[in-house]
Every structure is written in structure tokens, then in C-alpha cells.
Amino acid sequence: MITLHRIRAVACSRWLCTYHIKFMGINTPVSGETGHCSPFFRKFSTSTNRHTIMPAWVIDKYGGNEVLRFTKNASFPIIHYPNEVMVKVHAAGLNPIDVTMRGGYGAATLAMRRDPLNINQSGSEFPLVLGRDVSGVIMECGLDVAYFKPGDEVWAAIPPWKQGSLAEFVVLSANEVAHKPKSLSHSEAAAIPYVAATAWSALVNTGGLNKDNCAKKRILIIGASGGVGTFAIQMVKAWGAHVTVTCSQNAEGLVRGLGADHVVHYTARDVEVQLKSLEKFDLILDNVGGDTEKWALDFLKPWTGAKYITLVTPFLLNTDQLGVADGMLQTGVTIASKALKHLCKGVHYRWGFFAPSGPALDDVSEMVDAGQIRPVVEEQFIFSQVPQAFLKLEKGHARGKTVVNITGSDGTP
């Protein structure tokens with residue numbers, strides 16, 4: 001749980017810097033003493049080696065794996081705002097959303113988020129860099145960044161509307177970044193941030209769980225052998241919950257090793273039949289969607305504040321098909337009608353979404369270093385093998401994260 005005292009402390013250290021001098025119109029990245037608040041003076045960058053291009057994997061249009069293109073001439077990212085940091089990428093993690101984004105899923109909503117005033121032309125997001133997880137080292141900091149300094153090892157979950165981590169450098173807001181767990185290598189660390197931020201948003205922000213209220217709660221995770229599921233098992237188990245999961249029979253060893261108390265095999269026989277013999281749940285996290293929500297809510301404890309949270313929502317699909325305005329309207333009607341329908345039965349229906357959060361990753365980092373959470377890495381690739389990594393992910397058989405090592409071997413920067 002992030003206490004009020006912690007929120008204030010993090011806010012002060014991450015975003016606030018008083019009595020420093022700002023020069024009119026200049027947001028120049030700085031080095032040397034960058035990242036420290038000086039009452040009277042701020043050094044600007046004195047580096048003479050200013051990059052203009054970098055190697056990266058990009059797409060120039062939406063499509064299949066054939067649209068992936070390696071270039072050594074990708075535009076070098078620039079710090080535009082005083083609360084931003086530049087990270088040299090050491091390892092990147094791929095997620096299913098990278099495959100769907102490659103095909104154009106969510107393009108309308110993400111375009112609005114990148115360009116709310118609709119100033120730029122359609123397709124201005126290209127060349128687009130994918131990759132939602134990053135582990136690396138801070139290279140430069142904006143003027144208002146006090147929580148980090150050059151040389152710090154960090155990790156982050158990159159929002160889908162920003163350029164991703166399949167590149168040598170990436171620029172992020174400082175409140176999206178956290179210090180990397182000391183116990184993990186960059187390759188291991190790159191397997192966690194995006195699924196951690198997604199699970200944290202769903203279970204903590206939407207579900208109301210925290211380390212102080214989770215003890216003895218009964219939680220069901222549907223589709224638990226994927227990235228979000230494997231992280232969620234470890235997090236709520238570390239907080240004292242009783243965890244039941246659904247997964248394929250060949251994933252039982254994995255989920256039990258992560259702490260699952262009871263495993264229901266959806267490949268063995270009907271999941272509903274198996275769940276009927278169990279005590280009802282305080283919270284259900286659904287990573288599968290589809291017809292699942294037609295029966296899953298029946299297994300919540302009624303009139304106790306129990307919640308069903310699904311990560312499979314029609315929000316982006318609606319905006320892709322209907323446009324932003326009509327899509328958001330349709331989405332609002334759908335969620336409101338479903339929430340009201342199930343509230344009448346004594347349970348809460350909610351949608352969960354990814355939300356970037358450096359403070360949340362700070363807490364996750366502590367749990368990792370305490371041995372409560374470990375990365376689940378399916379396979380590692382070098383930078384020149386990004387297309388192969390996408391194909392591996394696209395097959396959908398992975399029971400862990402696909403990690404790309406950006407630096408250090410065979411054709412990497």
C-alpha cells in the first residue's frame with residue numbers, strides 16, 4: 001500500500017524542485033549535476049557528443065511481421081519537458097499488446113492521446129517504435145528531476161502512446177520510471193514492469209487491494225499463466241491472500257511454483273463445474289474475457305463488496321470501429337449497463353486498464369528484492385532477432401515474457 005506519507009515523499013522527490021533558475025524558453029537536457037536541485041544554479045549539458053540518430057526497430061505502417069524494419073537512422077529522442085528523463089535501453093520486454101499495436105489495434109485512441117488537438121496529419125506516429133517494457137540506465141535528466149541522476153539503473157512500463165523500447169534510447173516522464181531492483185539483471189527486470197503496472201492498476205487502483213487488507217481474502221485469477229496472471233499470483237500471495245487460478249494442465253507446475261493455492265484446469269473439464277465445489281471469492285481477475293463474464297460473477301460473494309475485474313474490454317475496439325466520440329459513448333453505455341446489472345445482484349463489475357506508475361514500480365522493486373516476486377521469462381532474444389521474438393509472441397504459447405537484449409551481443413547497438 002502507498003500511504004499518504006509515502007505519496008507525499010515520492011511526490012516531493014520525483015516532481016518538486018524549488019528556488020531553481022529557469023531560463024526563458026529553454027528545456028535543455030543536463031548532465032553532471034543533473035537531477036539535483038540547486039537553490040541558485042543549474043548546469044546545462046556540456047556534452048559535445050550530441051546524437052541525432054540511433055538504431056531501432058520501427059514500423060512505417062500497420063500490418064503483420066513484415067512491417068518490422070531495422071534502421072540505424074531512427075530519430076534520437078529529445079527531452080522536451082523538465083520532468084523527463086532519457087534512458088539508455090539495456091533490455092526490452094514484449095507483450096501481446098505489441099503484436100496488436102503492430103496491426104493497428106487502438107490506433108484511433110492512441111492517436112488522440114498523442115495529438116489531442118488533432119494538429120498533425122494522419123499517420124504522424126510513424127515511424128513507430130514498439131516495446132512496452134524497458135530496463136536501462138539514466139543518461140540525462142530534465143531540469144525538475146530530483147529523484148534520479150545519470151547512471152541510475154531504472155525500469156519502466158512505457159505507455160502505448162509513447163515511442164517504445166526497441167531502440168537504443170527512450171525518453172519518459174520521471175513519474176513513469178523507478179529504480180530497478182538490485183537483485184535482477186536488466187534482462188530479468190525487463191520482464192516485469194508492464195504486467196506489474198497492469199496488475200497493480202487492476203488489483204490496487206480498481207480492486208482496492210493492498211498489503212494491509214488482502215490477508216485471507218479469496219481471489220480467483222482466470223487465465224493465470226500469462227504475464228499479468230503470473231505477476232498477480234505472486235503479488236496477492238505475498239500480501240496473504242488465498243489464490244485460486246485457472247490455467248491449462250501443463251501450466252500447473254508454473255502457477256503452483258509462484259504460490260497458487262488451488263489450480264483449476266480448463267483443459268480437463270468444465271471450469272464452472274469445478275468452481276461450484278469451492279467457496280466463493282472476494283475478487284476475480286479475468287485475463288480471458290469473452291464468455292467468461294457470463295458465469296464468473298456467480299462465484300463472487302454477494303453483498304460483501306466483492307469485485308469482478310476484467311482486463312479484456314471493448315474500449316479500444318469501439319473507438320477503432322466507431323471513431324473516438326461514438327466509441328467512447330458506446331463504451332460508457334456498455335460499462336454503465338453491466339455495472340448496474342450486477343450491482344443489483346450484490347457484486348461489483350469493473351474494467352481494469354494499464355496505468356503507468358513509477359511509485360507503484362518502487363513498491364514492486366522492494367517486493368522483488370525481498371524475494372516475494374520473481375520474473376517469469378519465456379525466452380530471450382538479441383536485438384537483431386526482434387522479428388523472431390514477435391513471431392514467438394504471436395503464437396500465443398508463451399508462459400512468460402519475451403525479452404530482447406538491446407546491448408551486448410551479435411548485432412546489438
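Four bridges join strand β12 (residues 307–310) to β13, and the two strands run parallel. Keep in mind that this is a predicted model. Besides that strand pair, this briefing takes in helix α5 (residues 193–206), the second largest pocket, at about 1200 Å³, and the largest cavity, at about 70 Å³.

**The strand pair**
- Across the pairing with β12, Ile 309 sits opposite Arg 350 of β13.
- Strand β13 covers residues 348–351 and has two faces.
- Tyr 349 and Trp 351 make up the covered face of β13, while His 348 and Arg 350 are on the uncovered one.
- Put those together, and the residue facing Ile 309 across the pairing, Arg 350, belongs to the uncovered face of β13.

**Helix α5**
- This helix has 14 residues and spans 18 Å from its first C-alpha to its last, close to the 20 Å expected at 1.5 Å a residue.
- There's a bend in α5 of about 25 degrees, and you'll find it at Trp 200.
- Twelve of the 14 residues of α5 are buried, so the helix is largely enclosed by the rest of the structure.
- Trp 200, where the helix bends, is one of those buried residues.
- Others on the buried list include Pro 193, Tyr 194, Val 195, Leu 203 and Val 204.
- After α5 comes Gly 208, which has a positive phi, near 75 degrees.

**The second largest pocket**
- Its volume is about 1200 Å³, and 39 residues line it.
- If you want to find the middle of this pocket, look for His 80, Arg 114, Trp 161, Lys 162 and Gln 163, which lie nearest its centre.
- β1 (53–59), β2 (68–75), α3 (107–114) and β6 (169–173) each put at least two residues into the lining of this pocket.
- Of the pocket's lining, α3 supplies the largest share, with six residues.
- Sorted by class, the pocket lining comes out at 22 nonpolar, ten polar and seven charged residues.

**The cavity**
- Searching the whole structure turns up one cavity of 30 Å³ or more.
- The largest cavity holds about 70 Å³ of space and has 13 lining residues.
- Ala 191, Thr 230, Arg 374, Pro 375 and Val 376 are the lining residues nearest the centre of the largest cavity.
- Helix α6 (residues 227–238) gives the most to the lining of this cavity, chipping in four residues.
- By class, the cavity lining splits into seven nonpolar, four polar and two charged residues.

Methods:
Residues numbered from 1 in each chain as written. Predicted model: local features only at pLDDT ≥ 70, side-chain atom pairs only at ≥ 80, totals over all residues. Heavy atoms only, no water. Expected span 1.5 Å × (residues − 1). Bend = angle between axes of the 7 residues up to and from the residue. Buried < 20%, exposed > 50% of the residue type's maximum accessible area, 1.4 Å probe, protein only. Pairing = 2+ DSSP bridges. 1 Å grid on protein atoms, 1.4 Å probe; cavity = no way out; pocket = protein on both sides within 12 Å on 5 of 7 lines; lining within 4 Å. Points joined across faces, edges and corners; volume = space filled by probe spheres on them. Nonpolar A, V, L, I, M, F, W, Y, C, P; charged D, E, K, R; others polar.
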